[in-house]
Amino acid sequence: PIHPARYPSAKAEDRLRARRVRARQKTVEVVRFVQMTTQLATEERALQAFDTVVSSLVCRVTPGEAKDMLSQLPSELRERWLDLPAGPNLHVTRATLLDALAQRLMVDSTRADAIARAVGLALTALLTDGELDDLVELLPRDPADEVDARSVVRLQLLGGGDDLDALEPEL
């Protein structure tokens, strides 16, 4: 039998539009959450900080783990990390991350460290416990520091513990 050509229905277009709106809203929520956590002055600067940290993580871990981590982040943001070089790149360290943040945001090293810790804290809220555990397994670890996955993420690659006192709101 011959089937008529299928054209996108109005319902299909409505579903696609609704999906795009939800994706945009999720991105805005995450960027605002990162902005609140980092105390950066604008959403653009918060997105730059988030992008720098996630880019470093994507390059540092295996491609499979990077894919798993990215799958839990907003789809609108995911595309920016898909073309990064596949890891694990062992040259990506906390120091290189802090240098990249300081350069991109034009802040000093103390502020870069505080921002990295705040983005790390935000990531612990955005990723599942299982994904954090998997991610932590691939990051440098200090054997003397056996703490939970969230703390390891902050302490090892992202720096510092729960003390975010160095975070002063940007004016």
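## Salt bridges and helices in an all-α model

R94 and D113 pair up through their side chains in a salt bridge, with N and O 2.4 Å apart. This contact reaches across distant parts of the chain: R94 belongs to helix 5 (residues 94-105), D113 belongs to helix 6 (residues 109-126), and 19 residues separate them. R94 has a relative accessibility of 30%, so it goes down as partly exposed. D113 comes in at 16%, and because buried means under 20%, D113 counts as buried. Keep in mind throughout that this is a predicted model.

D113 has another partner too. Its side chain also meets that of R117 in a salt bridge, at 3.1 Å from N to O. Here both residues sit in helix 6, four residues apart, or about one turn of the helix. That spacing fits a simple rule: an α-helix has 3.6 residues a turn, so residues three or four places apart point the same way. Both R117 and D113 are buried.

### The overall fold

Stepping back, what does the secondary structure of the protein chain come to? It comes to eight helices and zero strands. Read from the N terminus, the order of elements is α-α-α-α-α-α-α-α. The chain has 171 residues, and 43% of them count as buried.

Helix 2 (residues 43-60) is a good one to look at more closely. With 18 residues at 1.5 Å a residue, it should span 26 Å, and its end C-alpha atoms lie 25 Å apart, so the two values agree. Helix 2 is also mostly covered, with 15 of its 18 residues buried.

### More charge pairs

In total, the structure holds seven salt bridges. The general idea is familiar: side chains of opposite charge can pair when their charged atoms come close. One of the bridges joins E43 to R32, where the closest N and O atoms are 2.9 Å apart. E43 is in helix 2 and R32 is in helix 1, so this pair ties together parts that are 11 residues apart in sequence. E43 has a relative accessible area of 32% and is partly exposed. R32, at 47% relative accessibility, is partly exposed as well.

Then there's a network: salt bridges link D51, R80 and R104. Where does R80 lie? You'll find R80 in the loop between helix 4 (75-78) and helix 5. R80 is partly exposed, with a relative accessible area of 38%. In sequence, R80 and D51 are 29 residues apart, while their C-alpha atoms are 8.2 Å apart in space.

Here are the three bridges with N to O distances, side by side:

| Pair | N to O distance |
|---|---|
| R94 and D113 | 2.4 Å |
| E43 and R32 | 2.9 Å |
| R117 and D113 | 3.1 Å |

### A positive patch

Not every charge is in a salt bridge. K11, R15, R19, R20 and R22 form a positive patch on the surface, and patch residues are ones with no salt bridge. Take R20 from that group: its place is in helix 1 (residues 10-38). Is R20 buried or exposed? With 55% relative accessibility, R20 counts as exposed.

### Backbone oddities in the loops

Most residues other than glycine have a negative phi, and most peptide bonds are trans. A few spots in this model depart from that pattern.

Which residues does a cis peptide bond join? The bond runs between G87 and P88, with omega at about 0°. P88 is in the loop between helix 4 and helix 5, and R80 is in that loop too.

Q39 isn't a glycine, yet its phi is positive, at about 65°. Q39 is placed in the loop between helix 1 and helix 2. At 29% relative accessibility, Q39 counts as partly exposed.

M106 is another non-glycine residue with a positive phi, near 55°. It lies in the loop between helix 5 and helix 6. M106 has a relative accessibility of 73% and counts as exposed.

That loop brings us back to the opening pair: R94 is in helix 5 and D113 in helix 6, and M106 sits in the loop between those helices.

Note on methods: Residues are numbered from 1 along each chain as its sequence is written. This is a predicted model: local features need pLDDT of at least 70, side-chain atom pairs count only at pLDDT 80 or more; totals for chains, interfaces and linings use all residues. Side-chain values use heavy atoms; hydrogens and water are left out. Patches are made of residues with over 30% relative accessible area and no salt bridge: like charges are joined within 9 Å, nonpolar side chains (Val, Leu, Ile, Met, Phe, Trp, Tyr) within 5 Å. Accessible areas come from the Shrake-Rupley method with a 1.4 Å probe; for residues, only the protein chains shown count as cover. A salt bridge is a side-chain nitrogen of Lys or Arg within 4 Å of a carboxyl oxygen of Asp or Glu. Lys and Arg count as positive and Asp and Glu as negative; His and the chain ends are not counted. The place of a charge is taken as NZ of Lys, CZ of Arg, CG of Asp or CD of Glu. Helices (H or I, at least four residues) and strands (E, at least two) are DSSP runs, numbered from the N terminus. Buried means under 20% relative accessible area, exposed over 50%, partly exposed in between (1.4 Å probe, protein chains only). The expected span of a helix is 1.5 Å times one less than its number of residues.
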